[in-house]
Every structure is written in C-alpha cells, then in structure tokens.
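Visitor: Please take me through the helix packing in this model, slowly and closely. I am new to this, so explain each term as you go.

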Amino acid sequence: MTLVAKPSRRRGRAAVPKVGFVSLGCPKALVDSERILTQLRAEGYEVAGDYGGADLVVVNTCGFIDEAVQESLDAIGEALAENGKVIVTGCLGARRGSGGGTLVGEVHPKVLAVTGPHAAGEVMAHVHAHLPRPHDPFTDLVPAGGVKLTPRHYAYLKISEGCNHRCTFCIIPSLRGDLVSRPIGEVMREAEALVKAGVKELLVVSQDTSAYGADLRYRTGFVGGRPVRTRMTELVRELARLGAWVRLHYVYPYRHVDEVLPLMAEGSVLPYLDVPFQHSHPRILKLMKRPASGETNIERIRAWRSICPQLTIRSTFIAGFPGETEAEFEHLLDFLREAELDRVGCFAYSPVEGAAANALPGALSGEVREARRARFMALQAAISARRLQRRVGTTTTVIVDAIEHDRQARAWRAAARSAGEAPEIDGVVYVALDGEAQARALAPGSELTVRIVRADEHDLFALAQEPAAPPRR
Ligand code: SF4
C-alpha cells in the first residue's frame with residue numbers, strides 16, 4: 001500500500017475550487033487516482049496541498065487486507081474531521097456493510113458519496129454536484145501525459161481492469177469485476193503521450209497482464225492506422241518501438257508468455273518478469289484456484305532463462321495457506337532453491353473478509369504462518385544475495401531516482417535502478433558520486449553507465465563510469 005498524497009492540516013482558502021486528494025493502495029489504484037486528478041485539472045480544478053485549503057477531499061481507498069481497510073477508514077475519518085466534505089472511491093468503496101449499504105457509508109455516514117474502483121466518471125459527477133466545475137477551464141494547463149503521482153521519469157500504464165480468475169484468497173474480482181481490456185490503440189496513445197512528456201520507463205500493470213485482450217477475443221485494433229491485435233505480445237512489441245524502458249508486471253506463467261522472451265533477449269523490452277507464483281505445491285495451488293499449472297513452472301523458468309539468460313524474475317508467495325502441511329511447505333522451499341528467483345516477497349496467509357479461502361479446513365495458527373514466512377524469507381535472503389553477487393564486476397545502465405547526500409560522511413550518491421529493479425518493490429543500485437559537482441550534474445531520470453562493485457542481499461553498490469547513451473528512440 002502506498003500513501004502517495006495526503007493533505008497536511010494547514011488552513012487557508014483560495015477562490016479557484018480546490019480538491020484535496022488522498023491516494024491509498026496498489027499501483028492499479030494509483031492509476032485510478034491519476035485519472036481523476038487529470039480530469040480535475042483538465043476541468044480547471046486545483047489540487048490542494050492541505051485539508052484547510054481544499055473545498056472538498058477525495059479519498060481513494062484500498063480494501064485488499066484488513067490492515068488496508070483500517071488505514072482507509074482512518075484516512076476517511078481524518079479527512080471528515082479536518083475538512084468535512086469527503087467523497088470516497090476505490091476498492092473499499094465496493095465493500096458491502098452488514099446493513100446492506102456500503103461499509104464506508106455505515107462507518108462514516110457523513111461522507112458525501114461512495115464509489116467503487118475504476119470509476120473516474122462517477123467520482124467527477126459527485127465532484128460536480130458538490131463543487132460545481134469552474135467556468136472556461138484551461139485544458140492546456142494539463143501536461144501531455146496527464147497528472148502523475150509518480151516521479152516524472154516513470155509511469156504506470158494500466159492495460160486492463162478486473163480479473164477472470166477466482167483465486168480463493170482474493171476478493172479483487174468481487175471488487176473490480178471481470179477482465180475488461182483497454183483497446184490497444186487507446187493504451188498506445190497514452191503510452192506515447194507519456195514518453196513525449198518525458199517518461200523513460202513504462203511499468204505495465206493490470207490484475208493479469210498475460211490475459212490482456214482475452215475478453216475482446218484478441219480483436220484487431222488500430223495503432224497509428226496500422227491493424228494490431230489486442231494481445232500481450234503484440235502490445236509489448238508496440239511499446240518496444242517507443243524507445244522507453246518497458247517493464248512487465250503481474251504476468252502469469254502461461255505458454256504464450258514465452259513469446260516475449262526473445263524481445264527481452266534482443267533488448268527491445270527490459271529482461272524482467274514479475275510473476276506472482278504464490279506457491280509451488282499442486283494441491284495448494286488447486287486450493288488457491290491459481291491460474292497456470294504449478295507442475296510446469298520450473299520447466300517454464302528454465303526455458304525463459306535459456307532464451308534470455310539476463311532475465312530477472314520477481315515473484316510473491318503466500319506461506320501458511322489453510323491446510324498447508326509441513327511437507328507442502330517444504331515443497332515450496334525446494335521450489336525456491338531450484339528456481340533461484342531474483343526478487344521475492346512473501347506474506348504470511350491472512351484471511352480477508354469475503355474470501356472463499358476462509359471456509360477451507362485446516363486454518364493454521366498465526367504463529368505457524370508467521371514462522372513459515374520467516375523461514376521462507378531467510379532462505380530467499382541467501383538466494384537473493386547469491387544472485388546479486390553474480391552481478392558484481394558487471395557494467396550496466398541505470399536510471400537515477402534520487403540524489404542523496406550523507407552530511408556526516410560528506411558523501412554524495414545516486415539511488416538508481418537497472419533493468420533488474422522495479423521502483424518501490426525491489427532493491428536499489430547505489431552509485432557513489434565523485435563530489436557535489438557530479439551530483440549537481442545529475443537529476444532524477446538521468447541515465448548512467450555504472451560498474452557494480454558490491455552487493456548485499458537486497459541492494460547493489462556501484463561506481464559511475466560515464467553518462468549512458470541516450471535512450472533508444
Ligand atoms: S489472478 Fe487471482 S489474485 Fe490476481 S486479481 Fe485475479 S483473482 Fe485476485
């Protein structure tokens with residue numbers, strides 16, 4: 001969960017209608033926030049930096065796990081207390097309460113309106129009703145790529161909404177509905193606008209990127225007048241033409257994913273796959289109702305690496321799923337040892353209200369779930385450290401995210417990422433800089449060629465070689 005924008009408690013109002021915005025949740029929710037903010041700015045609203053300066057506050061919520069629900073409810077309560085006029089949107093907005101209305105409406109009856117996720121139009125209608133749109137908006141004040149909550153040099157590109165799967169631990173389909181893919185022409189127009197606006201890295205997100213276009217029967221759309229099928233491989237090929245880094249998230253290990261590996265091997269898109277495996281044991285995967293078979297995953301990983309040896313694989317897992325035996329957990333640890341994944345996250349299973357898995361027999365105690373997660377992470381830490389150690393001595397291109405200054409050590413460094421690190425979720429490549437002059441010559445989004453000199457289990461440490469070549473166009 002990311003809190004990307006939260007007004008402070010300062011006071012003071014201006015004449016132009018101002019909307020405060022609190023954005024919680026995953027990258028998909030972040031994209032929804034960006035759409036609403038873009039629309040607000042396009043219509044002439046201003047975005048307030050504090051509750052007191054806002055005429056109204058929109059809170060985009062997360063409803064994924066109980067902790068996120070509580071954080072969202074608290075954020076709504078704070079916005080009501082500090083401002084009083086609050087519109088709620090996002091996943092939590094879709095949750096039903098015990099009385100049949102929305103959960104949000106039951107907990108906070110003073111909110112002006114509640115919508116579910118992916119509802120920019122509905123949110124705008126509520127904003128218009130409670131804070132009439134200003135006359136004669138200056139639409140040219142909106143940047144070409146829309147309003148972004150991410151740094152200027154990278155952006156999330158949401159290609160679809162919803163999901164056709166019914167994983168038993170997940171309530172996203174009941175919150176966001178079945179898969180709805182965006183037309184390929186529309187996705188490409190947005191991607192082009194982002195790159196024109198200075199974005200150097202496009203992060204493709206959805207609930208299931210490999211299923212892109214399945215709901216449209218992979219129908220042919222048009223990109224710049226050319227017919228192109230609405231399908232993951234074709235989309236990735238089109239994105240590769242833009243010259244920016246393209247990073248794929250939430251890819252399931254279906255057979256057709258093999259088609260994008262040659263594009264990674266030839267350098268058209270980043271050799272990086274975020275594949276949420278969740279478990280390895282066939283019985284647990286069946287109980288989870290996970291898409292794609294667990295039995296062939298190791299073979300699939302081997303095949304991918306044989307096509308693209310520089311591939312970074314990131315994944316997430318759940319330890320302590322209901323009914324998971326010690327032997328099945330050991331199977332998962334064996335899978336980890338064999339798969340040697342580069343970047344891995346693991347959650348101890350946590351029941352989510354409304355999830356089918358809650359009814360499964362054999363729920364494990366919190367201690368067992370947490371102990372298994374800790375064993376899993378200890379093993380993976382050693383594997384990650386080994387994988388990163390292999391990169392010591394190599395030369396690579398990085399994009400700078402931030403310049404940092406250690407006052408005590410009087411040292412400057414750049415926090416950067418290579419193809420192997422996605423923002424927010426993976427480690428960082430720390431590049432030692434040769435004093436303030438070099439630091440001032442860099443800015444977030446600068447590219448550098450660096451030599452990796454050290455690694456720990458999470459991050460890499462490097463020395464700058466020279467500015468990298470400009471990105472491919
Ligand atoms: S694939 Fe499974 S975990 Fe992912 S959104 Fe769909 S139902 Fe949820």
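Guide: We start with one helix pair, follow the packing outward, and then stop at a few single residues.

This is a predicted model, in which local features need pLDDT of at least 70, side-chain atom pairs count only at pLDDT 80 or more, and totals for chains, interfaces and linings use all residues. Residues are numbered from 1 along each chain as its sequence is written, and side-chain values use heavy atoms, with hydrogens and water left out.

Begin with helix α12, residues 366-389. Helices (H or I, at least four residues) and strands (E, at least two) are DSSP runs, numbered from the N terminus. How far should the 24 residues of α12 span? At 1.5 Å a residue, the expected value is 34 Å. That expected span is 1.5 Å times one less than the number of residues. The end C-alpha atoms of α12 are 34 Å apart, so the two values agree.

Now look at what is hidden. Buried means under 20% relative accessible area, exposed means over 50%, and partly exposed lies in between (1.4 Å probe, protein chains only). The buried residues of α12 are R369, R372, F376, L379, Q380, I383, S384, R387 and L388.

Next comes its partner, helix α11, residues 326-339. The axes of α11 and α12 come within 10 Å and cross at roughly 15°. An axis is a line fitted to C-alpha atoms, for helices over the stretch in contact, and angles run from 0 to 180 degrees between N-to-C directions. The two helices are therefore roughly parallel to each other. The cut-offs: under 35 degrees is roughly parallel, over 145 roughly antiparallel, 65 to 115 roughly perpendicular, and the rest oblique. The crossing of α11 and α12 is right-handed. Right-handed means the near helix is turned clockwise from the far one by less than a right angle; anticlockwise would be left-handed.

Which residues of α11 and α12 make the contact? Contact means heavy atoms within 4.5 Å. From α11 come E326, F329, E330, L332, L333, L336 and R337. From α12 come R372, R375, F376, L379, Q380 and I383. By class, that contact has 7 nonpolar, 1 polar and 5 charged residues. Here Ala, Val, Leu, Ile, Met, Phe, Trp, Tyr, Cys and Pro count as nonpolar, Asp, Glu, Lys and Arg as charged, and the others, Gly among them, as polar.

Helix α11 also packs with helix α10, residues 297-307. Their angle is about 10°, and their axes are 11 Å apart. α10 and α11 are therefore roughly parallel to each other, and their crossing is right-handed. N297, I298, I301, R302 and R305 of α10 meet F335, E338 and A339 of α11. The classes are 4 nonpolar, 1 polar and 3 charged residues.

Go back to α12 for a moment. Before it runs a loop from β15 (343-348), and S350 is in that loop. S350 touches I65 and R369, not counting residues up to four places away in sequence. R369 is one of the buried residues of α12. The C-alpha atoms of S350 and G366 are separated by 8.6 Å, though the two are 16 residues apart along the chain. S350 counts as partly exposed, at 33% relative accessibility.

Now a further pair. Helix α6 (residues 184-196) and α7 pack at an angle of about 25°, with axes 11 Å apart. That makes α6 roughly parallel to α7. α6 passes α7 in a right-handed crossing. I184, V187, M188 and A191 of α6 meet E234, L235, E238 and L239 of α7. By class there are 6 nonpolar, no polar and 2 charged residues.

Is α7 (residues 232-240) largely enclosed or largely open? 8 of its 9 residues are buried, so α7 is largely enclosed by the rest of the structure. Among them are M232, T233 and A240.

Last, two loop residues. Most residues other than glycine have a negative phi. Y218 has a positive phi of about 55°. Y218 sits in the loop between β9 (201-205) and β10 (220-223), and at 29% relative accessibility it counts as partly exposed. Q278 also has a positive phi, near 70°. Its loop runs between β13 (272-274) and α9 (282-288). Q278 counts as buried, at 10%.
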